[in-house]
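Here is a short note for you to read beside the sequence and the structure. Please follow each point in the model as you go.

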Amino acid sequence: NMEGLLADYHELRLNQAMVWEWSQPKCNGKSPSARDMHVAWSLPACKFALHGGRGGSEGELVLDDLSVLCLRSHVWSSIGTMCERIGHAAASLGGAGTCDLLFFGGLKGSTMYNDLWRLSLAEAAEPRLQRVRSSKEPTKRF
């Protein structure tokens, strides 16, 4: 791993004595590789997700994986998205039984993006990634 990049997970919780405590729970499943310049956010149903970023032993890889951690069971799962980038923005759109994620912009190599992608993560279906098009897209950015 590159110096400074870690592939660990820590939790911060308020205990019964009203004191904040850090812990490092043991997680099962394939945890994501060490990275930087990724996006991370909380999801409905007590889950945490991260996508993309820069990895590899020398930061030479632009990653496309989406990893989801169930915060109750501490089990990781991941899928490839074919949407590799660093320095992008993300947001979740939750509803009953579904969670859609939006990815915007970012960078791969010297190419900046202004595209918007929607990843549908319905509980009963395979994840589906699709490009969201609009009549006027904002300028490229990361």
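1. Start with Gln-130. With a relative accessibility of 34%, Gln-130 counts as partly exposed. Gln-130 lies in strand 14, which covers residues 128-132. Beyond its neighbours within four places in sequence, Gln-130 is in contact with Leu-116, Trp-117 and Arg-118. The C-alpha atoms of Gln-130 and Leu-116 are 8.8 Å apart in space, while 14 residues separate the two in sequence.

2. Keep in mind that this is a predicted model. The mean pLDDT of the protein is 85, and 89% of its residues reach 70 or more. Among the elements, strand 6 (residues 61-62) has the highest mean pLDDT, 94, and strand 9 the lowest, 80.

3. Next, look at charged side chains. In general, side chains of opposite charge can pair when their charged atoms come close. How many salt bridges does a search of the whole structure find? The search finds seven. Three of them are described in the points below, beginning with Arg-54 and Asp-36.

4. The closest N and O atoms of Arg-54 and Asp-36 are 2.6 Å apart, and the two residues form a salt bridge. This pair links distant parts of the chain: Arg-54 is in strand 5 (residues 54-55), and Asp-36 is in the loop between strand 2 (20-23) and strand 3 (39-43). The two residues are 18 residues apart. Arg-54 is partly exposed, because its relative accessibility is 27%.

5. Arg-85 and Asp-115 also meet in a salt bridge, with 2.7 Å from N to O. Here too the pair links distant parts of the chain, 30 residues apart: Arg-85 is in the loop between strand 8 (75-80) and strand 9 (89-95), and Asp-115 is in the loop between strand 12 (111-112) and strand 13 (116-120). Is this pair buried or exposed? Both Arg-85 and Asp-115 are buried. For Arg-85 the relative accessibility is 4%, so this residue counts as buried.

6. The surroundings of Arg-85 deserve a separate look. Leaving aside neighbours within four places in sequence, Arg-85 is in contact with several residues, among them His-51, Gly-52, Gly-53, Val-62, Leu-63 and Trp-117. The salt-bridge partner Asp-115 is also one of the contacts of Arg-85. The C-alpha atoms of Arg-85 and Lys-108 are separated by 5.2 Å, although the two are 23 residues apart along the chain.

7. Arg-131 and Glu-137 form another salt bridge, with 2.9 Å from N to O. Arg-131 is partly exposed, since its relative accessible area is 25%. Glu-137, at 28% relative accessibility, also counts as partly exposed.

8. Now turn to nonpolar side chains. Leu-12, Leu-14, Met-18, Trp-20 and Trp-22 form a nonpolar patch on the surface, and together they have about 630 Å² of accessible area. Strand 1 (11-14) and strand 2 each supply at least two residues of this patch. Leu-14 is in strand 1, and its relative accessibility of 37% makes it partly exposed.

9. Last, the cysteines. A disulfide is a covalent bond between the sulfur atoms of two cysteines. The count of disulfides comes to zero. Why does Cys-46 have no bond with Cys-70? The sulfur of Cys-46 is 6.6 Å from its closest cysteine sulfur, in Cys-70, which is too far for a bond; the cut-off is 2.5 Å. Cys-46 is partly exposed, with a relative accessible area of 32%.

Note on methods:
Residues numbered from 1 in each chain as written. Heavy atoms only, no water. Salt bridge = Lys/Arg side-chain N within 4 Å of Asp/Glu carboxyl O. Helix = DSSP H or I, 4+ residues; strand = E, 2+ residues; numbered from the N terminus. Buried < 20%, exposed > 50% of the residue type's maximum accessible area, 1.4 Å probe, protein only. pLDDT = per-residue confidence, 0-100. Patch = residues over 30% accessible without salt bridge, like charges linked within 9 Å, V, L, I, M, F, W, Y side chains within 5 Å. Areas by Shrake-Rupley, 256 points an atom, 1.4 Å probe, with all protein chains shown as cover. Contact = heavy atoms within 4.5 Å.
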